[in-house]
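Trainee: I should like to study a single part of this protein closely. Would you please choose one helix and explain how it is placed among its surroundings?

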Amino acid sequence: QFLRVKMYAQQRNDSTAIIILDSIIYNNRSELIREKAKTIITELKNRKNLKLNTAVGTPLTAQAQQHVANNDFTSAMRSLSETHESPEARHIFGRIADMNLDTKLRTGETVDNSAGNYDQNTNEVVLHPDTGLTDHTLGHEGTHAAISHVLDDESHPLTQEFQNLLGQVKEKVGDVYGTQNVQEFAAEALNNPEFSDQLKKI
């Protein structure tokens with residue numbers, strides 16, 4: 001249950017996380033667990049008073065931001081491969097940079113005012129200028145750009161592997177952040193260290 005709470009909280013879906021926590025408090029007899037749930041509810045309510053739509057992740061380096069300003073997707077991903085805190089993510093971003101994709105990259109208005117989005121039809125990554133210039137957002141959308149076409153092919157071995165993993169995770173935790181579909185699952189699993197760490201615990 002606490003794993004589901006964490007995933008919803010990472011998605012900024014605090015209302016759902018609080019509903020689950022209320023259920024834990026109501027149904028659990030362990031005072032220690034009840035107190036843990038109450039503490040998390042307090043933390044979630046406190047952060048509602050902070051700026052809405054805050055950026056998720058570490059701000060991009062000045063060099064990476066310059067690559068974004070230059071609309072240079074490959075160089076931006078290369079920069080992530082050199083600076084990201086996760087060795088696994090650095091490796092993946094390096095592989096994406098090596099692909100030399102012709103993906104377009106810019107800052108601007110995003111769908112639903114989200115931190116970023118990737119449009120497969122136009123092959124374009126758009127980062128919100130206020131909340132999208134982070135390693136998490138660029139990495140997430142960049143991963144979409146690299147693998148979305150492969151994941152559209154249901155017969156591809158990589159797609160089948162991710163679908164299998166996604167099915168196992170949903171059996172354990174249900175529909176939570178990162179499990180909406182195979183595209184989102186793959187993007188989070190490959191570039192979000194916290195998400196991949198949680199998967200290892202399932």
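Mentor: The account below concerns helix α4 and the loop that comes after it. Please keep in mind that this is a predicted model.

Helix α4 covers residues 62-69, and its buried residues are Ala 64, His 67 and Val 68. Viewed down the axis of α4, these buried residues fall within an arc of 100°, so they line one face of the helix. A general rule helps here: an α-helix has 3.6 residues a turn, so residues three or four places apart point the same way. The face of α4 that is turned away from the buried side carries the exposed residues Ala 62 and Ala 69.

What lies over the buried side? The cover of the buried residues of α4 includes α5 (73-83), β1 (104-107) and β3 (124-127). Leu 105 has Val 68 among its contacts, and also Phe 73, Ala 76 and Val 125.

These contacts lead to the wider interior. The largest nonpolar core has 31 residues, of which Met 77, Leu 105 and Leu 138 touch the most other members. Among the elements that give two or more residues to this core are α4, α5 and β3. A second, separate core has 13 residues, including Ala 17 and Ile 24.

Finally, consider the end of the helix. α4 is followed by Asn 71, which is placed in the loop between α4 and α5. Asn 71 is not a glycine, yet its phi is positive, about 60°. Asn 71 is partly exposed, with a relative accessible area of 46%, and Leu 105 is in contact with Asn 71.

Technical notes:
Residues numbered from 1 in each chain as written. Predicted model: local features only at pLDDT ≥ 70, side-chain atom pairs only at ≥ 80, totals over all residues. Heavy atoms only, no water. Buried < 20%, exposed > 50% of the residue type's maximum accessible area, 1.4 Å probe, protein only. Helix = DSSP H or I, 4+ residues; strand = E, 2+ residues; numbered from the N terminus. Arc of directions from axis to C-beta. Contact = heavy atoms within 4.5 Å. Core = buried A, V, L, I, M, F, W, Y, C linked by side-chain atoms within 4.5 Å.
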